[in-house]
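Subject: Structure for you to look at

Hi,

Here is the structure I promised to pass on. Have a look at it first, and then read on for what turned up.

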Amino acid sequence: MRPIGTAALKRCSISLKPVARSLMHMVIAFVLFFGVFVTAGRYDETGRVRVVYDAAENSPAERAGIQRGDVIVSVAGQPVTTRYEFIVQIVDRDAGD
(Lines give C-alpha, C1' and ligand atoms only; values in the text may rest on other atoms or scores of the structure.)
Protein backbone atom coordinates (compact mmCIF):
# COMPACT_ATOMS: atom_id res chain seq x y z
CA MET A 1 0.00 0.00 0.00
CA ARG A 2 1.38 3.33 -1.05
CA PRO A 3 1.23 6.30 1.44
CA ILE A 4 -0.92 9.22 0.41
CA GLY A 5 0.92 12.50 0.03
CA THR A 6 -0.17 15.75 1.66
CA ALA A 7 -1.04 17.25 -1.72
CA ALA A 8 -3.54 14.47 -2.35
CA LEU A 9 -5.02 14.92 1.14
CA LYS A 10 -5.42 18.65 0.56
CA ARG A 11 -7.33 18.01 -2.66
CA CYS A 12 -9.60 15.36 -1.13
CA SER A 13 -10.13 16.70 2.36
CA ILE A 14 -13.21 18.55 3.46
CA SER A 15 -12.72 21.92 5.08
CA LEU A 16 -13.38 21.65 8.80
CA LYS A 17 -13.72 25.41 9.36
CA PRO A 18 -17.53 25.49 8.85
CA VAL A 19 -17.90 22.50 11.18
CA ALA A 20 -15.70 24.13 13.81
CA ARG A 21 -17.64 27.39 13.55
CA SER A 22 -20.97 25.61 13.93
CA LEU A 23 -19.68 23.64 16.88
CA MET A 24 -18.40 26.80 18.53
CA HIS A 25 -21.77 28.51 17.99
CA MET A 26 -23.48 25.58 19.68
CA VAL A 27 -21.06 25.74 22.61
CA ILE A 28 -21.61 29.49 23.02
CA ALA A 29 -25.40 29.05 22.84
CA PHE A 30 -25.26 26.30 25.46
CA VAL A 31 -23.09 28.41 27.80
CA LEU A 32 -25.43 31.41 27.43
CA PHE A 33 -28.53 29.26 27.95
CA PHE A 34 -27.01 27.59 31.00
CA GLY A 35 -25.98 30.97 32.45
CA VAL A 36 -29.47 32.42 32.03
CA PHE A 37 -31.08 29.25 33.39
CA VAL A 38 -28.89 29.21 36.49
CA THR A 39 -29.38 32.93 37.13
CA ALA A 40 -33.15 32.80 36.64
CA GLY A 41 -33.35 29.87 39.03
CA ARG A 42 -31.87 32.01 41.78
CA TYR A 43 -34.91 34.30 41.75
CA ASP A 44 -37.52 31.61 42.29
CA GLU A 45 -39.68 31.76 45.44
CA THR A 46 -37.85 30.31 48.43
CA GLY A 47 -40.49 30.69 51.14
CA ARG A 48 -38.59 33.66 52.57
CA VAL A 49 -38.59 37.35 51.77
CA ARG A 50 -34.96 38.45 51.94
CA VAL A 51 -33.87 42.09 51.60
CA VAL A 52 -31.23 42.21 48.85
CA TYR A 53 -30.64 45.97 48.58
CA ASP A 54 -29.92 48.72 51.07
CA ALA A 55 -32.93 50.82 52.02
CA ALA A 56 -33.22 54.18 50.24
CA GLU A 57 -32.18 57.22 52.26
CA ASN A 58 -34.94 58.72 54.43
CA SER A 59 -37.36 55.97 53.40
CA PRO A 60 -39.76 54.24 55.79
CA ALA A 61 -37.64 51.08 55.41
CA GLU A 62 -34.51 52.93 56.52
CA ARG A 63 -36.35 54.49 59.47
CA ALA A 64 -37.56 51.00 60.45
CA GLY A 65 -33.96 49.79 60.44
CA ILE A 66 -34.31 47.32 57.56
CA GLN A 67 -30.89 46.32 56.22
CA ARG A 68 -29.52 44.21 53.40
CA GLY A 69 -29.71 40.51 54.30
CA ASP A 70 -32.70 40.83 56.64
CA VAL A 71 -35.50 38.28 56.26
CA ILE A 72 -39.00 39.73 56.52
CA VAL A 73 -41.34 37.25 58.21
CA SER A 74 -44.43 39.43 58.74
CA VAL A 75 -45.98 42.83 58.06
CA ALA A 76 -48.13 44.24 60.87
CA GLY A 77 -48.53 40.75 62.32
CA GLN A 78 -49.51 39.12 59.01
CA PRO A 79 -47.02 36.40 57.98
CA VAL A 80 -45.44 36.72 54.53
CA THR A 81 -43.60 33.92 52.73
CA THR A 82 -43.42 35.25 49.16
CA ARG A 83 -42.56 38.53 47.52
CA TYR A 84 -46.12 38.77 46.23
CA GLU A 85 -47.59 38.49 49.74
CA PHE A 86 -45.12 41.11 50.97
CA ILE A 87 -46.04 43.54 48.18
CA VAL A 88 -49.78 43.02 48.79
CA GLN A 89 -49.31 43.74 52.50
CA ILE A 90 -47.41 46.96 51.76
CA VAL A 91 -49.77 48.20 49.02
CA ASP A 92 -52.87 47.58 51.14
CA ARG A 93 -51.60 49.90 53.88
CA ASP A 94 -51.99 53.65 54.17
CA ALA A 95 -48.98 55.91 54.65
CA GLY A 96 -47.84 55.83 58.26
CA ASP A 97 -49.44 52.46 59.13
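Let me start with the surface. L23, M24, M26, V27, I28, F30, V31, L32, F33, F34, F37 and V38 form a nonpolar patch there, and together they have about 1,300 Å² of accessible area. Before you read too much into that, bear in mind that this is a predicted model.

F33, one of the patch residues, sits in helix α2. Is F33 buried or exposed? F33 has a relative accessibility of 57%, so it counts as exposed, the cut-off being over 50%.

Two other patch members, F30 and F34, deserve a closer look. The structure has one aromatic pair. The ring centres of F30 and F34 are 6.1 Å apart and the planes are at 20°, so the pair is stacked. Angles under 30 degrees count as stacked, in case you want to check that call. Where do F30 and F34 sit relative to each other along the chain? They are four residues apart in helix α2, which covers residues 17-41, and that separates them by about one helical turn. F30 is exposed, at 54% relative accessible area, whereas F34 is partly exposed, at 46%.

Now for the chain as a whole. There are four helices and four strands in the protein chain, and along the sequence they follow the pattern α-α-β-α-β-β-β-α. Of the 97 residues, 7% are buried. The accessible surface comes to about 8,800 Å², and carbon and sulfur atoms account for 63% of that. As for contacts, if you take those between residues at least 6 apart in sequence, 24% of them join residues at least 24 apart.

What about the inside? The largest nonpolar core has five residues in all: V49, V51, I72, V75 and V80. V75 is a handy one to click on. Leaving out residues up to four places away in sequence, V75 touches V80, F86, Q89, I90 and R93. So which element does Q89 belong to? Q89 is in helix α4, residues 83-91. With 17% relative accessibility, Q89 counts as buried, because the limit for that is under 20%. With the same kind of neighbours left out, that is, those up to four places away in sequence, Q89 touches V75, Q78 and V80.

S74 is another one to look at here. S74 lies in strand β3 and counts as partly exposed, at 36% relative accessibility. Again setting aside residues up to four places away in sequence, S74 touches P79 and V80. V80 therefore turns up in the contact lists of S74, Q89 and V75. How far apart are S74 and Q89 in space? From C-alpha to C-alpha they are 9.0 Å apart, with their positions 15 residues apart in sequence numbering.

On to charges. Side chains of opposite charge can pair when their charged atoms come close. A search of the whole structure turns up one salt bridge. It joins the side chains of R68 and D54, at 3.2 Å from N to O. R68 lies in the loop between α3 (60-64) and β2 (71-72), and D54 in the loop between β1 (49-50) and α3, so the pair ties together parts that are 14 residues apart in sequence. Both R68 and D54 are exposed.

Last, a couple of backbone oddities. Most residues other than glycine have a negative phi. Which way does phi go for N58? N58 has a positive phi of about 60°, and it is not a glycine. N58 lies in the loop between β1 and α3, and is exposed, with a relative accessible area of 62%. A76 is not a glycine either, and has a positive phi of about 55°. The loop between β3 (74-75) and β4 (78-79) holds A76, which counts as exposed at 66% relative accessibility.

If you open just a few spots, try the stacked pair of F30 and F34, the salt bridge of R68 and D54, and the positive phi values at N58 and A76.

Cheers

Notes:
Residues are numbered from 1 along each chain as its sequence is written. This is a predicted model: local features need pLDDT of at least 70, side-chain atom pairs count only at pLDDT 80 or more; totals for chains, interfaces and linings use all residues. Side-chain values use heavy atoms; hydrogens and water are left out. Rings of Phe, Tyr and Trp (its six-membered ring) pair if their centres lie within 6.5 Å; planes under 30 degrees apart count as stacked, over 60 as edge-to-face and the rest as tilted. Helices (H or I, at least four residues) and strands (E, at least two) are DSSP runs, numbered from the N terminus. Buried means under 20% relative accessible area, exposed over 50%, partly exposed in between (1.4 Å probe, protein chains only). Contact means heavy atoms within 4.5 Å. Accessible areas come from the Shrake-Rupley method with a 1.4 Å probe; for residues, only the protein chains shown count as cover. A salt bridge is a side-chain nitrogen of Lys or Arg within 4 Å of a carboxyl oxygen of Asp or Glu. A nonpolar core is a set of buried Ala, Val, Leu, Ile, Met, Phe, Trp, Tyr and Cys residues joined through side-chain atoms within 4.5 Å. Patches are made of residues with over 30% relative accessible area and no salt bridge: like charges are joined within 9 Å, nonpolar side chains (Val, Leu, Ile, Met, Phe, Trp, Tyr) within 5 Å.
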